[in-house]
Amino acid sequence: MKRILKFPQILMVLFLLAIVACSDDDDNDVPQITPDPSIVDLAVGSADLTTLVDALTRANLVNTLQGDGPFTVFAPTNSAFNTFLSDNNFSSLDDVPTDLLTDVLLNHVVSGNNTSTSLSTGYVSSLSTAGAEDRALSLFINTDGGVNINGVADVTTADVTASNGVVHIVDAVIGLPNIVDHAIANPDLSSLVGALTDGGNTTFTDLLSDTATSFTVFAPVNSAFSSFTNPNGNALATILSYHVVAGDAAFSDELMNMYVTTAATNGDGDALSQYINIDDGVTINGASSVAAADIVATNGVIHAVDAVIDLPTVVTFAVADPNFSTLVEALTTLTPSVDFAGVLSAQDGNGDDPFTVFAPTNDAFAALSAIPAEADLIPILQHHVVAGANVRSGDLTDGISATTLEGDDITINLPGTGDNIADITDGAGNMGIGIIAVDVQANNGVIHVVNQVLLPDTN
C-alpha cells in the first residue's frame, strides 16, 4: 500500500531541499585557501635557486627540508653558488664531496621560524654538525643595517613564507667557519683580530686556522682590550697565546674547576697554566669571566671573555683557587709584617723569582691543631718556597733536596706512597708528606700542591 504524503509534510520536504540547494550555491561562492608551499617547493619554483635545488638533491636533503620543521633557511642564489665553486676550485657541484656539500647546506639551516624582525645580533646554531666534537656550528647574525651571516652573506630578500618555515635569500654561500672566521665576523672582537694580525703578523691566524688541531680560545671583547693596561709589561704575543688552549675543544658543559695548559710559555719554554672556576659562571684566573660561551667552529670553540687575562704569577693561582683560601689568609691577613704577596708576585728576574712553591690545601691547614701566631707562621710559610728555581716534576729525582726561603732543606722521594705523586720530608723530619698535584705553571714559578703543612726545624 503506497504511503501518501500530506500537504504539511510536502512543504517540509520542499523546504529542506531548498536549504540544500542554497548550501551548494554558497560553497561555490566561498574562495578556496591554497596552503603555502614547502621550503623545497619554493626553491623549485624560483629560477634563481635552481643550483640550490640541485645541491639539495645531490646531498639527499630534499626530504629533510620537506619535513614539518619549522626551519629557517638562508638560501644562496645561483650566482652565490657559482662564486663558491670558483673560489674553492670546483668546476661543478659534482666535484664537491658529498659530505662537505651536506655540511655546507645544513650550515644554512636553523631550527625555528625566524623572521627578519625576530632575528637579532648574536649567535644561533645551524643544523650542520661539522663543528669540533661533532657539535652544531654557530652562525653569527649581525642585524646592524640589514641581516648578515658570518660576515660573508647578506640577506637580499627576506621573509619568504613557507608551510614549514621561512626562507631568506642570501647573496653568498656560507662556508664552514674556523675560529679565525668567527673572530673576523664579530665586530665586538675587532680589537682581538687587530692584535692578532698587528704588523701583518700571520702566526696566530695560521695557528688558529689549523684544521688538524682543536682549540679553545678565550676571546677578549673590545671593551676588555680598552681597559687593559698591561701593568707588568708582558709581551703582547705571549698574552694572546695565553688565551689559547691547544689540543682540546673545551665546551662549557665539559668545564669544571680545573687547570688547563695554554699555548703561552715562560722564559724557559714551560707552558703556562690557567685556572678555570665554574662555581659562579665561568671565570679564568679569578679575573676574567665568560660573557658568551660555546661559539662553535670547525676546529674548536670560542668563549668571549670580559677581561684580558694577564700572565699569572704564583700568587694569581693561590688567590683564584678556592682550595688555597687558607694559604692566602696566612700569607696576608695573618702575617701583616711581611709582604708575601709582593715578594711572590715578582716576575722580572731581579728578585728571588722564579719560585717553586709547595702549596698546602685548606685541608692541610685544617689538620693542624691550630694555625700558629705570626712569629711562628712566617718561617712555616717560608719553608714552602724554594727561590731562584722553577723546579717542575720532570726535574725531580729520588732523594733530591732543596733549600727553602726559611733556610732548612726539604727532601723529595720518588715515587710517592699511596696516592702521592711524590713524598716530602720537611725540615722538622716529618716524612710522607704528599705532593698530590704538580706543575701549576705561572710566569714566575711553579706550584706543586701538598696535603700537609711543611714544618721547619724549630731547633
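This dialogue walks through pockets, a helix pair and some backbone details.

Colleague: What kind of model is this, and how are residues numbered?

Modeller: It is a predicted model, where local features need pLDDT of at least 70, side-chain atom pairs count only at pLDDT 80 or more, and totals for chains, interfaces and linings use all residues. Residues are numbered from 1 along each chain as its sequence is written, and side-chain values use heavy atoms, with hydrogens and water left out.

Colleague: How much space lies in the largest pocket?

Modeller: Rolling a probe the size of a water molecule over the atoms shows where empty space is left. A pocket is an open set of points on a 1 Å grid over the protein atoms alone, where a 1.4 Å probe fits, with protein on both sides within 12 Å along at least five of seven lines. Its volume is the space filled by probe spheres set on the points, which are joined across faces, edges and corners. Here, the largest pocket holds about 310 Å³.

Colleague: Which residues lie nearest its centre?

Modeller: Lining residues have an atom within 4 Å of a point. The largest pocket has 15 of them, and Val152, Ile174, Gly175, Leu176 and Asp181 lie nearest its centre. Helices α6 (98-106) and α7 (179-185) each give two or more residues to this lining. Helices (H or I, at least four residues) and strands (E, at least two) are DSSP runs, numbered from the N terminus.

Colleague: How do α3 and α6 cross?

Modeller: Two packed helices are described by the angle between their axes and the distance between the axes. Axes are lines fitted to C-alpha atoms over the stretch in contact, and angles run from 0 to 180 degrees between N-to-C directions. The axes of α3 (residues 50-58) and α6 come within 9 Å and cross at roughly 125°. The two helices are therefore oblique to each other. Angles under 35 degrees count as roughly parallel, over 145 as roughly antiparallel, 65 to 115 as roughly perpendicular and the rest as oblique.

Colleague: Which residues meet?

Modeller: Contact means heavy atoms within 4.5 Å. Leu52, Ala55, Leu56 and Arg58 in α3 meet Thr98, Leu101 and Leu105 in α6.

Colleague: Where are the cis peptide bonds to Pro70 and Pro415?

Modeller: Look at omega. One cis bond joins Gly69 and Pro70, with omega about 0°. Pro70 sits in the loop between α4 (62-65) and β1 (71-76). The bond from Leu414 to Pro415 is also cis, with omega near -10°. Pro415 is in the loop between β18 (409-413) and β19 (422-425).
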